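Me: I'm new to this structure and would like a close look at one spot where helices pack together. Walk me through it slowly, and spell out the terms as you go.

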Amino acid sequence: MSMWGPHLRAAIGLLVFIALALPLSTDRRRIRWGRVAAAVLLQFLVCAALLKVPVIIQALGVLNRLVAALEASTRAGTSFVFGYVGGGPAPFAVTDPAHMFSLAFQSLALIIVISALSALLWQWRVLPLLIRAIAGFFRRTLGTGGAAGFAVSANVFLGQVEAPLVVRPYIASMTRYELLLLMTAGMSMIAGSVMVLYSIVLQGQLANVPAHLLTKSLMSVPAAILFAHLLVPEDGDPRPVPAPRPYAGTVDALTRGTADGLNIWLNVIAMLLVLVALVALANHALQLLPAVAGAPLSLERIAGWLFAPLAWLTGLEWTEALVSGRYLGVKTVLNEFIAYLRLSSADPLELSAHGRLITVYALCGFANFASMGIQITGIAAMAPERRQDLIDLAPRALYGATLASLMSGTIAGLVSPF
């Protein structure tokens, strides 16, 4: 029973996550259960192929070397611009190297480099070809095409506001299901600009972290389709979408990609500063309340209690579910980056290797309260007439993306050995 218990609980968890979406469905009679089953099966196949097929594993191993090269190249740039603050040699004797690390001027600067590189790859038609291949695969397997299907596939590489930009002319005429799919996919994945960053942050937590993060993003395509269909069971019009050419040339792509990366970098720094400060302020207020179980109350402890049952349904033992639930709460209230930072610096004995695998997958996504505001503002700027629909659908998108990430973590745990 000890061997099959976690497997059985995880299998039941998959059904529970699907069931949790039904109370918020706009029309349960129109749900196509064949599509739901196909989406779940496809997540298993994608996960198994990327984590178990030796040829694919070897191919994905190249990602580790790519991440190392990008990190070293970015460090060369930050050292030149920021000196020792950016990772260059210090003009004094360093007694504690750990305190020489600057999150803003070393790790986060990678966002600017990746943004510029992504713009170049788009201009050179590399990213559009990859996105079309992914979109074509999911159109044939799940019947999701058109503008929404193309944008969801773009989310594997682009952010939750950048991906809708590639189908901007079609947003105004999208059905509510297509809009919800667009938003749910954006929250259930991470952007390529931070995928490399998170791979560096999570070094030591898993082997070949980039491959796991890419696997999670690819699994999130059918997961987002599944939960968007459950919540708003409508069908969009699968119209063909030409890949836009937003840049005038290579130089324009480089300069605009760099500028976009700079804006993202500044926003990330500002959000981290404010969110960490607000959480610290909230925890100071909670400490005025009586202690519970011999320890003062904090947002992290409360979040752990709320999310622990969901984490337990992913196949974790209860003691690990309490820990994983705490990180899930941090991700939802704040963001996944802060959750990953805390996971990377936590006691390694808090979670087993299997528990870390499930937790990394469940945390991998932009499903947090701030993302609702980001998407409403960003997508409404592209189609102002859909602003009220975006406001109405944002809570459903957050709910669906959270369930999608939990499902992906559960499936990753089932595919990998206990």
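Reply: What follows starts with one pair of helices, moves out through a residue on each side, and then takes in a few other places.

A word on the ground rules: this is a predicted model, where local features need pLDDT of at least 70 and side-chain atom pairs count only at pLDDT 80 or more, while totals for chains, interfaces and linings use all residues. Residues are numbered from 1 along each chain as its sequence is written, and side-chain values use heavy atoms, with hydrogens and water left out.

Let's go to the pair. Two packed helices are described by the angle between their axes and the distance between the axes. Helix H15 covers residues 336-345 and helix H16 covers residues 353-363; their axes come within 10 Å and cross at roughly 160 degrees. That makes the two roughly antiparallel. Some terms before going on. Helices (H or I, at least four residues) and strands (E, at least two) are DSSP runs, numbered from the N terminus. Axes are lines fitted to C-alpha atoms, for helices over the stretch in contact, and angles run from 0 to 180 degrees between N-to-C directions. Under 35 degrees counts as roughly parallel, over 145 as roughly antiparallel, 65 to 115 as roughly perpendicular, and the rest as oblique.

H15 and H16 also have a left-handed crossing: the near helix is turned anticlockwise from the far one by less than a right angle, whereas clockwise would make it right-handed.

So, which residues in H15 and H16 meet? From H15 come Glu336, Ala339, Tyr340 and Leu343, and from H16 come Thr359, Val360 and Leu363. Sorted by type, the residues of this contact are five nonpolar, one polar and one charged. Here contact means heavy atoms within 4.5 Å, and the types go like this: Ala, Val, Leu, Ile, Met, Phe, Trp, Tyr, Cys and Pro are nonpolar, Asp, Glu, Lys and Arg are charged, and the others, Gly among them, are polar.

Take the H16 side, with Val360. Val360 is buried, at a relative accessible area of 1%; buried means under 20% relative accessible area, exposed over 50%, and partly exposed in between (1.4 Å probe, protein chains only). Skipping residues up to four places away in sequence, Val360 touches Tyr340 and Leu343, plus Leu202, Leu206 and Leu213. The C-alpha atoms of Val360 and Val330 are 13 Å apart, with their positions 30 residues apart along the chain.

Now the H15 side, with Tyr340. Tyr340 is buried too, with a relative accessible area of 0%. The whole structure holds five aromatic pairs, and Tyr340 is in one of them: its ring centre is 5.3 Å from that of Tyr198, with the planes at 65 degrees, so the pair is edge-to-face. This pair bridges distant parts of the chain, with Tyr198 in helix H10 (residues 192-201) and Tyr340 in H15, 142 residues apart. At 3% relative accessibility, Tyr198 is buried. Rings of Phe, Tyr and Trp (its six-membered ring) pair if their centres lie within 6.5 Å, and planes under 30 degrees apart are stacked, over 60 edge-to-face, and the rest tilted. Ring pairs also join Phe82, Phe105 and Trp265 into a cluster.

H15 has another link worth following. Glu300, in helix H13 (residues 299-312), touches Arg342 as well as Val279, Asn283, Arg326 and Val330, leaving out residues up to four places away in sequence. Glu300 is buried, at 15% relative accessibility.

For a second helix pair, look at helix H9 (residues 176-188) and helix H17 (residues 369-382), whose axes come within 11 Å and cross at roughly 135 degrees. H9 and H17 are therefore oblique to each other, and their crossing is right-handed. Leu182, Met183, Gly186 and Met187 in H9 meet Ser371, Met372, Gln375 and Ile379 in H17. That contact has five nonpolar residues, three polar and no charged ones.

Last stop, the loops. Asn208 sits between H10 and helix H11 (209-231), and has a positive phi of about 55 degrees although it is not a glycine. At 19% relative accessibility, Asn208 counts as buried. Arg125, between helix H5 (110-123) and helix H6 (126-142), has a positive phi of about 70 degrees, again without being a glycine. Arg125 counts as partly exposed, at 21%.
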